[in-house]
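Got your viewer open and a selection box ready? Let's take a short walk through this model, one stop at a time.

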Amino acid sequence: MTSNLRTGGQILADALLTHGVDTIFCVPGESYIATLDALFDVRDRIRIVTCRQEGGAAYMAEAYAKLTGRPGICFVTRGPGATNASVGIHTARQDSSPMIVFVGQVARGMAEREAFQEIDFRRMMGELTKWTGQIDDPARIPEYVNRAFRTATSGRAGPVVLALPEDMQTDRAEVEDGAAYEEVQASPAAPDMMRLRGMLEVAERPVVLVGGSGWTEQACEDLRTFAEANDLPVAAGFRRQDLLDNRHPSYAGVVGLGANPALAAAIRESDLLLVAGAQLGEIVTQGYSLLALPKPRQRLIHANPGIEEIGKVYQPDLGIAAGMPEFAAALAALEPIPNPPWAAHRAALRAAYEDFAEPTGMPGALNLADVVRHLESVLPDDAIIANGAGNFSQWLHRFHRYRGYRTQLSPQSGSMGYGVPAGVAAAFLHPEREVVSWCGDGDFLMNGQEIATAAAQGLRNLTVLVVNNGTYGTIRMHQERHYPGRVIATDLANPDFAMLARAYGLHGETVTRTEEFPAAFERAGEADAPALMELRIDPDAILPNATIGGIRAGSG
């Protein structure tokens, strides 16, 4: 007879192995130190990435989820650790990314006394997660962890939080580990796919809009097959531009902040909108203005993994609850529409995209559009580009052409500070691929300390680009539009970013002119360390198509 009597920490470590966990992002804390000790015994099978702040750790876990399709795993301590991590949990919720955050908790006998750093996480995290639970009995760890993985991945994916009372982790129990989780997704019904084809057959100006999470490489290939077979224009939802090669004739651009007005007009004037995976939220619908509420004027087909998303805002003519791999495979299997009448419509949208993606001028000696196009010319097709939130990102989203699946890491939540942690996670997971983090100055300083994690991990394949204009640009833009000349609270006093990078052990350079960038970027790639380049731009350059001066004068 053998016994599997183990501590709660050991049972949890074994449960993570059961479910295929290979990487944990964390900031260590005394509230889960018993679990850390258990992870020591499996350190050859589960890699631990120690981060500098829990927000950075949570962002890295969320980026891991985007890159792998598997739940990103994050461990943080109670109280301050959990509140710091909440920014990444919120991003995972809005971006539909599967993630599980394990939070240390006060001992069970101290609960409800406002013990040191005590928070009731079920109340705190309830709005941010698909499910928040607390494991009070070590014998139930396999049950809770299995449920966490299934909940995070099935239907519309999202984050789960599990609280771990400190004394529960040292209690012992004898329990079976169970089997690995399996993701559960619905498949489209054959009659619904026949209805979809019938609606497409009578359309004259259709547009396909793709987005959301849960896509796979094969699903993207099936999407391309469907678009090619039917000569359809395909638009990408906000920060989901890597679902179809942007060089493909069907690709029509991105719908979101800074969208091409011609694409927005085409969606308004379409007679059929096929939405695959995307949520029809504020950004994608441009403040709920692209489509009429509650019933759009055009016929609407909405396919989404989360049945609760279908009809949440807009009433579809056809709603299909399905995972994206299942739905895309069904699309690819449909009999193509013969001689579709919208060929010229597709070609016109493609031409409008190509025109909109041509580099534009901007004030000052450094042109970000030219920088983006140079990156495109020298980076391999599988390079990963991560970015945070702010006006600086619009140059990237407008002028860069994403060429492959899982080459874009961007927060749909619009959360600042994402670019560096996401880039670190990507460079760690894929040391064979080049990774670029595209950051603003305010954006960088929210989680920029994670360049220390990059240095500690020796991530030579990571280059961080910091666009420095000395202001919180997005808010400054809104100030100038609504209260011209009354600038307050948006100016920044920044460090020398290149010098800061060198202090952390990175290769650091400053670029002030467009013609300096190619050689500086080449030196960064050849450096024997991660690299950071500060790109100093004219503060008047606030958008690819607007300046502060123009906005203040009423012309921007």
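Below are a few places to select, with a note on what to look for at each. Keep in mind as you click around that this is a predicted model.

**Stop 1: helix α11**

Select residues 343–356, which make up helix α11. At 1.5 Å a residue, its 14 residues should span 20 Å, and the end C-alpha atoms are indeed 20 Å apart, so expectation and model agree.

Now colour the buried residues of α11: His-345, Arg-346, Leu-349, Arg-350, Ala-352, Tyr-353 and Phe-356. Turn the view until you look down the axis of α11; the buried residues fall within an arc of 160°, so they line one face of the helix. What does the face turned away from the buried side of α11 carry? There you'll find the exposed residues Ala-344 and Asp-355.

To see what the buried residues of α11 pack against, add two strands, β9 (206–210) and β11 (251–255), and two helices, α9 (261–269) and α13 (393–399).

**Stop 2: α3 and α4**

Next, select residues 54–68 for helix α3 and residues 80–94 for helix α4. How do the axes of these two helices cross? They come within 7 Å and cross at roughly 30°. Angles under 35 degrees count as roughly parallel, so α3 is roughly parallel to α4. The crossing of α3 past α4 is right-handed.

Show side chains for the contact itself. On α3, pick Glu-54, Gly-55, Ala-58, Tyr-59 and Glu-62. On α4, the contact residues include Gly-81, Asn-84, Ala-85 and Val-87, and also among them are Gly-88, Ile-89, Thr-91 and Ala-92.

**Stop 3: the loop between β12 and β13**

Move to the loop that joins β12 (272–276) and β13 (299–304), where Pro-294 is found. Zoom in on the peptide bond from Leu-293 to Pro-294: this bond is cis, with omega near -5°.

Stay in the loop between β12 and β13 and select Gln-286. Its phi is near 55°, a positive value in a residue other than glycine. Gln-286 is partly exposed, with a relative accessible area of 28%.

**Stop 4: the loop after α8**

Last, find Asp-231 in the loop between α8 (217–230) and β10 (234–237). Which sign does phi of Asp-231 have? Phi is near 55°, a positive value, and Asp-231 is a residue other than glycine. With a relative accessible area of 21%, Asp-231 is partly exposed; buried would mean under 20%.

How values were computed. Residues numbered from 1 in each chain as written. Predicted model: local features only at pLDDT ≥ 70, side-chain atom pairs only at ≥ 80, totals over all residues. Heavy atoms only, no water. Helix = DSSP H or I, 4+ residues; strand = E, 2+ residues; numbered from the N terminus. Expected span 1.5 Å × (residues − 1). Buried < 20%, exposed > 50% of the residue type's maximum accessible area, 1.4 Å probe, protein only. Arc of directions from axis to C-beta. Contact = heavy atoms within 4.5 Å. Axes fitted to C-alpha atoms, helices over the stretch in contact; angles between N-to-C directions. Parallel < 35°, antiparallel > 145°, perpendicular 65-115°, else oblique. Left-handed = near helix turned anticlockwise from the far one by under 90°.
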